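Colleague: I am new to this structure and would like a close look at one small part of it. Please start there, and then work outwards to the rest of the chain.

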Amino acid sequence: MSKICVYPWSHVNINPQGDVWPCCHQRKVPTVLGNVKTQSMEEIFNGEEIRKLRLDMLNGVLPSPTCDKCVQYEEMGFSSPRLHANDQSWATEVWKSINSTKPDGTVDDYKIKYWDLRWSNICNMNCVMCDPEWSSLWTQDIKKRLSDYDEETIQKDIMLKTWKNRVEEVSGKIRTVPHKDFIDQHIDEVEHIYFAGGEPLIMDEHWYILKRLVENKRFDVKIKYNTNMLKIDYKGESAIDYWKHWSYQNMSIEASIDETGPRAEWIRSGTVWSKVHENIKAVKDANIRISCNASIGAYNVIRLPELVDELWELTERKVNLNPVMNQWCCIQILPDDIKLDIKQKILDWFNPDITKNNLHPRVKAIPAIIKELEKPHNPMNLTSFFKRAAFLDLNKSTTLFDHIPWFEELNNASGNDYERFRDDFIEKSISKRNSSIDSNLCSSISN
């Protein structure tokens, strides 16, 4: 069986640091092909790393760890991202480049057919499962919070120390396209673009590409978005006005929506649910294809049937579910008896009478969620969840329990970890100590 993947001959994945990866499906330590802040795309696309990757595949090897996800999928008998890529309509032409690969892995006449662009971490939300690498608002928020603690306190607390290191690591995030000539050079060759972030709809780079596509009348290009749908207008421009140029099949908006109402506003801090709801409705009413992607963790799995029904009614398209893998907020932090009740609730809702071939008409990936519910409870990670939630709720007018009241019962049953961590963070804060000093000083003067 061929071990070729068309991506090293036809695809770029650019992350917010400017690193170019072979694809977004890598796990653990990523293979970095180059960086657009210091190199041209031409240098990267025939650089040492990508040439080695091509030669491995031509020699029948899917190298580890770069290709581990696809290897695992294929060993289990599932269709992998590699096989999906090879089956795309544009892949036929890519095989010509593959067949003309030079002995050192160089490709002279290459065409970059698929762009996966995450130019920047600029974002208007700081989602609870995210971190500074993928959200500028996360970076700002954590920097502000950490400023209330001295270095000794930060270094003694693993969570605070990790966040401090992460914030320092992301200081060099790119926010502008460093090589617009790459876009202009390949705009007539691209056939598939995936916009993600950060939040792509508030990135200048996204709008530059969209305008160039319209100017060149490239409405044959398939475009997919991953967006939080908080803002669809930018600097006087309307995304809908641009998207209308594309056919229903060629434009796909995937809204990252993990909950509705007040619950959404805690999980994805920065959300204004009324505005998100209004924007989704406006896109749907414009006859532009839109669906919801929901990341399912401990904070929303208990309401999964209700959530799926609400999101389906919003877009009338199947909801795609992605299990959250972050250890501190994944499904496994919930106690086993609660997970068992949730599993039964989902199975009762996943009614065989309304399914066909075990596929629910309103949702994808239910079996993956069931598997997560069957994994054993991790009490240490539940403690980590309440610690993180308590820190993120500091100085806010509302808390986790205001938005998702069910968690208050779990906190009470778990020994009130949330309050313990909250009080500890307050006690160790610089503002608390300064307040105590001022109070003691006033008391001394009055005496």
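Modeller: A365 lies in the loop that runs between β14 (363-364) and α17 (366-373). The names α and β stand for helices (H or I, at least four residues) and strands (E, at least two), which are DSSP runs numbered from the N terminus. This is a predicted model, in which local features need pLDDT of at least 70 and side-chain atom pairs count only at pLDDT 80 or more, while totals for chains, interfaces and linings use all residues. Residues are numbered from 1 along each chain as its sequence is written, and side-chain values use heavy atoms, with hydrogens and water left out.

The backbone at A365 has a positive phi of about 75°, although A365 is not a glycine. Most residues other than glycine have a negative phi, and most peptide bonds are trans. A365 counts as partly exposed because its relative accessibility is 30%; buried means under 20% relative accessible area, exposed means over 50%, and partly exposed lies in between (1.4 Å probe, protein chains only).

A365 is also one of the residues touched by L321. L321 sits in strand β13 (residues 319-323). With 3% relative accessibility, L321 counts as buried. Leaving aside residues up to four places away in sequence, L321 touches A294, I296, L304, V308, V363, K364, A365, I366 and I369, where a contact means heavy atoms within 4.5 Å. L321 and I369 are 48 residues apart in sequence, yet their C-alpha atoms are 7.9 Å apart in space.

A second positive phi occurs at N416, with a value near 55° in a residue other than glycine. N416 belongs to the loop between α20 (406-413) and α21 (417-428). Its relative accessible area of 32% makes N416 partly exposed.

Two peptide bonds should be looked at as well. The bond from S64 to P65 is cis, with omega near 5°, and P65 is in the loop between α3 and α4. The bond from G197 to G198 is also cis, with omega near 15°; G198 is in the loop between β6 (192-195) and α11 (204-215).

T66 shares its location with P65, in the loop between α3 (48-58) and α4 (68-75). T66 counts as buried, at 11% relative accessibility. Its side chain is joined to that of T31 by a polar contact of 2.4 Å. A polar contact is a pair of N or O atoms within 3.5 Å; within protein, one must be able to donate a hydrogen and the other to accept it, and residues adjacent in sequence count only if both atoms are side-chain atoms. Not counting residues up to four places away in sequence, T66 touches P22, Q26, T31 and L53.

H403 is another buried residue with polar partners, at 13% relative accessibility, and its place is in helix α19 (residues 400-403). A polar atom of the H403 side chain lies 2.7 Å from the backbone oxygen of P262. The side chains of H403 and T398 are joined by a polar contact of 2.8 Å. Beyond residues up to four places away in sequence, H403 touches P262, R263, E265, W266 and T398.

Helix α7 (residues 136-146) can be read as a whole element. Its buried residues are S136, W138, T139, D141, I142, R145 and L146. The cover over them includes β5 (126-127), α8 (151-156), α9 (158-169) and α18 (379-392). S135 caps the N-terminal end of α7, with a side-chain oxygen 3.3 Å from the backbone nitrogen of L137.

Now the chain as a whole. Its secondary structure comes to 22 helices and 14 strands. Of its 447 residues, 53% count as buried. Among contacts with a separation of 6 or more, residues 24 or more positions apart account for 75%. Along the principal axes, the C-alpha trace spans about 85 × 60 × 45 Å. For 447 residues, a compact globule would have a radius of gyration near 22 Å, and the chain's 24 Å agrees with that; the radius is taken over C-alpha atoms, and the globule rule is 2.2 Å times the number of residues to the power 0.38.
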